[in-house]
Amino acid sequence: VDMHSYQPTAADMLLVSSCDLFLYVGGTSDSWVDDALQEAVNQDMEVLSLLDVLGSAARLEELTEGMQADHEDHDGHAHAEAEYDEHIWLSVQNAKVLVSAISEALCGVDEGNAALYRENCENYLIELDKLDEAFEKTVSSAKRTVLVFADRYPFRYLAHDYGLTCYAAFSGCSAESEASFATILALVRHVEENSLPYVMVLESSTQGIAKQVIDNTESKDQGILVLNSLQ
């Protein structure tokens, strides 16, 4: 099920209420968690909100030029205020912080294996450092640092980490699936002004909006690239 529309079953709620350690992203999509925690039968449960772990590194959803306003969010309610971007896993730099916090939480509920958790954590942080360096090298040597998403835009953290400029049809948690012609034309303008050979989409895209954007460019020869949002 899509993370934005997930609702726990009774069995899920029972598992949550009795677990030793409960980890969750936080944010609007996890609004069901408050009710689940109120029903907890394990009073010693450790709870870790990953958005809270990020603290000041958590970022508000970004509204880019030409992005279509969301009529209502994934809960079916309109919101006037910007919300924190929940797609925190799409950043290697965030992952370093989160992995360390998760490791310490595991050590707290399973002290007998703490040394193993910490060893695994250190080894994984080395791998994340390598990946971070590879991303940095790729972007620093790229001909272009502008991306246009004919889709939702969950890559706020990734773009910030490496200085990418991104434009998109919808915000990361948008419930919209049809783009207005004004949004299409805005994306076309960004593609042409930056001489982009590709239009970006997510892994779940039907690519219909991307094809509309391409069809409205002067050259009509752009390709479509998929960037996986790991959902």
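Which residues have the most contacts inside the largest nonpolar core? The structure is a predicted model, and the answer is L128, F149, Y153, F155 and C166, within a core of 20 residues. Before turning to that core, it helps to look at the chain as a whole.

The protein chain contains eight helices and six strands. Followed along the sequence, these elements come in the order α-β-α-β-α-α-α-β-α-β-α-β-α-β. The C-alpha trace spans about 65 × 40 × 30 Å along its principal axes. Of the 231 residues, 42% are buried. Among contacts with a separation of 6 or more, 69% join residues that are 24 or more positions apart.

The outside of the chain can be described in a similar way. Its accessible surface is about 12,700 Å², and carbon and sulfur atoms account for 51% of that area. The chain carries 12 positive and 41 negative charges, and the mean positions of the two sets lie 14 Å apart.

Now to the interior. In soluble globular proteins, nonpolar side chains tend to be buried together. In this model the largest nonpolar core has 20 residues. The elements that give two or more residues to this core are α4 (92-109), α5 (114-140), α6 (156-162) and β4 (165-168). Helix α5 gives the most, with four residues. A second, separate core has 18 residues, and Y167, L187, V191 and I214 are among them.

Y153, one of the residues with the most contacts inside the largest core, is a useful place to stop. Leaving out residues up to four places away in sequence, Y153 touches E62, M67, A159, C166, A168, F170, S171 and G172. S171 sits in the loop between β4 and α7. Is S171 buried or exposed? S171 counts as buried because its relative accessibility is 8%, and the cut-off for buried is under 20%. With the same neighbours in sequence left out, S171 touches E61, M67, R152 and Y153. M67 therefore appears in both lists of contacts, that of Y153 and that of S171.

Helix α7 comes next. What span should its 13 residues, 181-193, have? At 1.5 Å a residue the expected span is 18 Å, and the end C-alpha atoms are 18 Å apart, so the two values agree. The buried residues of α7 are T183, I184, A186, L187, V188, H190 and V191. An α-helix has 3.6 residues a turn, so residues three or four places apart point the same way. The cover over the buried residues of α7 includes β3 (146-149), β4, β5 (198-201) and α8 (208-215). Two of the buried residues of α7, L187 and V191, also belong to the second core.

The last stop is the backbone. Most residues other than glycine have a negative phi, and most peptide bonds are trans. Just after α7, S195 takes a positive phi of about 50 degrees. S195 lies in the loop between α7 and β5. L230 also has a positive phi, near 55 degrees, and is a residue other than glycine. L230 is found in the segment after β6 (223-226). Because its relative accessibility is 58%, L230 counts as exposed.

Key:
Residues are numbered from 1 along each chain as its sequence is written. This is a predicted model: local features need pLDDT of at least 70, side-chain atom pairs count only at pLDDT 80 or more; totals for chains, interfaces and linings use all residues. Side-chain values use heavy atoms; hydrogens and water are left out. Buried means under 20% relative accessible area, exposed over 50%, partly exposed in between (1.4 Å probe, protein chains only). Contact means heavy atoms within 4.5 Å. Accessible areas come from the Shrake-Rupley method with a 1.4 Å probe; for residues, only the protein chains shown count as cover. Lys and Arg count as positive and Asp and Glu as negative; His and the chain ends are not counted. The place of a charge is taken as NZ of Lys, CZ of Arg, CG of Asp or CD of Glu. A nonpolar core is a set of buried Ala, Val, Leu, Ile, Met, Phe, Trp, Tyr and Cys residues joined through side-chain atoms within 4.5 Å. The expected span of a helix is 1.5 Å times one less than its number of residues.
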